[in-house]
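I opened the file today to take notes on confidence, overall dimensions and one helix packing. The entries follow in the order in which I looked things up.

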Amino acid sequence: MVLSANDIHCSYGSSDASIKVLKGASISIKTGEVVAVMGPSGSGKSTLLHALGLLERPCKGKVLICGEDGWGLSSRRRAELRNRKIGFVFQFHHLLEEFTLKENVMMPCLIAGETSEEATQKAESLLERVGIIHRSSHFPSTVSGGERQRAAIARAIIMKPEIVLADEPTGNLDSKTSLEVEKLIMELAEEGNRSFLLATHSHDLAGAVHRKVFLNSGIIKKS
Amino acid sequence: MKQKLLWALARRHVWSNANSTVVRMVSILSMAGIAIGVTSLIILQAFMGGFTEAITTGLTKMNPPLHIYVPGGTYMDDFDLGVVQSIADEIPQISVIQGILEKPAVVSGAPGTVSGAMVRGVTGTELIIGKDIARELGVTAGDEIRIASTAGVEISGMGRVLVDTIATLIIDSVGDFGIEEYNSSLIVVPLNTARGIFRAPDQLTSLGGYVNTGEDPVEAAELLNSALYQEYVGGGWPVYMSCIPYLSFHGNLFKALGLERIAMTIVLALITVVALLNLSSALTMIAMEHRRDIGVMRAMGLTPNAVFSVSLLRGLLLGGTGAGFGFIFSWISIFVVNRYFPIKLDGTVYWIDVLPGVFPLTTALIVTFATIFVCVVISIFPAISALSSSPSKALRYE
Ligand SMILES: Nc1ncnc2c1ncn2[C@@H]1O[C@H](COP(=O)(O)OP(=O)(O)O)[C@@H](O)[C@H]1O
Ligand SMILES: [Mg+2]
């Protein structure tokens, strides 16, 4: 298992007025598997992905990334795990505005301590692969939404992570661009034998995945 | 490598063309504030220090550092000089003791000119006349002047002025004595010439002592003074001669200057404090603008320590650039003012007629680095709040 989470509980707010968003969600993903978490807006998809991606500690439950208990590690080791094993794609591209697309894509490598030559080389070949090499020295604010999301996807996979967590990756794109980005994600999963967990409420995106699960009333149900 | 990344992040956060105008504005203003604070502190020190230094050099140039005198104004003579000399021989800090005869006189130069002057006789000098009095008398090196001792002036019943000695002398050189008062009234002549003018064959008005290079005149003065005291009290006589460091004649002036300097330093330091407060709000704002970016970086594996460092580096960059500019700008201002726009003073009031700015290197470095240090300290607070904010929350919304 690349990722497995058992009995995840998450809630927001103070103890007396808290909203329980996840009430024992469990999920496991095999190598190379592309899984879609479906659920209406507000059902807790983002909350789940943040818990699985070691960004927000769940109230209860374990998250195993390649067998390692992510929330049991020191914050330093956890950061390293996020850097090497997990890739993130967000609904909004969340590229760094002050850096060019290429620099954005290089960022995880630089965080890992690679030289800028290595990082540049990797970033360029990935930009080529996702089809925006001609935009590599542009700043995010000067390219289209689809191009930004492609750059964000390239950034998510540059460290060859075991799993990519994508939170509504096409949620902010028009339908034509959405289709292209969906196709790209499926291709990348295929090529790298890489696992993807996609949160979405779109049935179009969910159509192509290997497996769908539903998030409902804070727990995950198989299709 | 990682260090380079942190610098790059901090640098682009505070300064990048892709930044919002607000962030750039805030960055510029906070740097400008720091630069102004540092510049004004350094410039103040330059001119206050320059003034004190010019006066001190002026005073020490024309006066021996040790002043030996008879309280009450009684005259001394060559015997007293001999006594002091033999006592001073025992004090290793003191090199030479010299006799001085200084009295007012009336001088005239070119036809029709006349002026009051102080004539100072010391051994081993040529005749040097202050540049301003030389101009007033219309004379220069090689010209003749006539000096009349006012000691011989008497107003008779008929109202006539009798001047009993008039010496005619040749000027060897015109001197710049550093202080306006000396330039406009002092004539230095050989001791024997002065004794001739004032008809005082072995009289002296005071003694001057010199210290060996590197010795503290205040300490030497104390040593000599207590040796003189021992000499008289030990011999059963009342105390006759005393010694003080020359500059302590002007002790009140230097105290006043020092006090003024402290007061103005405090005022300008407050300007710098305001600039630092401004920087702290700028840093908070920059941190808020980049909360999401930091969340993204955390998601990509940036450690909390690195997040902390980036926040500190922002402060270091803004503070360092501001303070660095302040340092350079103050140096340039002082240079330009000295060179092209010298500050004119009324010499009769301030003793010197141009206020010199002396770049205070040590002080400037201290001010600059202290400011940078405080900038980093100030950025600790936004850094802590950056650590405590959850990356998850920052990432949720656009
Ligand atoms: N920081 C927060 N404080 C309080 N409630 C929150 C917070 N973040 C999310 N929620 C609530 O948690 C629920 C799940 O949100 P989210 O995980 O974003 O759902 P989804 O991604 O499926 O739209 C929503 O009802 C939302 O209002
Ligand atoms: Mg969501």
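In which sense, left-handed or right-handed, does α1(B) pass α10(B)? I looked at this pair first, keeping in mind that the model is predicted, and I noted that the crossing of α1(B) with α10(B) is right-handed.

I then looked up the geometry of the pair: helix α1 (residues 2-14) of chain B and helix α10 (residues 304-340) of chain B have axes that come within 8 Å and cross at roughly 55°. Because of that angle, α1(B) counts as oblique to α10(B).

For the contact itself, I listed B:L6, B:W7, B:L9, B:A10, B:R11, B:H13 and B:V14 on the α1(B) side, and on the α10(B) side B:A306, B:S309, B:V310, B:L313, B:R314, B:L316, B:L317 and B:L318. Sorting the residues of this contact by character, I recorded 11 nonpolar, 2 polar and 2 charged.

Next I turned to chain B as a whole, whose secondary structure comes to 14 helices and 16 strands. Its C-alpha atoms fill a box of roughly 105 × 55 × 40 Å along the principal axes, and I noted a radius of gyration of 32 Å for chain B, where a compact globule of 398 residues would have one near 21 Å.

Last, I checked confidence in chain A, which averages a pLDDT of 89, with 98% of the residues scoring at least 70. Among the elements of chain A, I found the highest mean pLDDT, 94, in helix α3 (residues 101-112), and the lowest, 69, in helix α7 (residues 203-207).

Technical notes:
Residues are numbered from 1 along each chain as its sequence is written. Chains are lettered from A and ligands numbered from 1 in the order in which they are written. This is a predicted model: local features need pLDDT of at least 70, side-chain atom pairs count only at pLDDT 80 or more; totals for chains, interfaces and linings use all residues. Side-chain values use heavy atoms; hydrogens and water are left out. Axes are lines fitted to C-alpha atoms, for helices over the stretch in contact, and angles run from 0 to 180 degrees between N-to-C directions. Helices (H or I, at least four residues) and strands (E, at least two) are DSSP runs, numbered from the N terminus. Angles under 35 degrees count as roughly parallel, over 145 as roughly antiparallel, 65 to 115 as roughly perpendicular and the rest as oblique. A crossing is left-handed if the near helix is turned anticlockwise from the far one by less than a right angle, and right-handed if clockwise. Contact means heavy atoms within 4.5 Å. Ala, Val, Leu, Ile, Met, Phe, Trp, Tyr, Cys and Pro count as nonpolar, Asp, Glu, Lys and Arg as charged, and the others, Gly among them, as polar. pLDDT is the predictor's confidence in each residue, from 0 to 100. The radius of gyration is taken over C-alpha atoms; the globule rule is 2.2 Å times the number of residues to the power 0.38.
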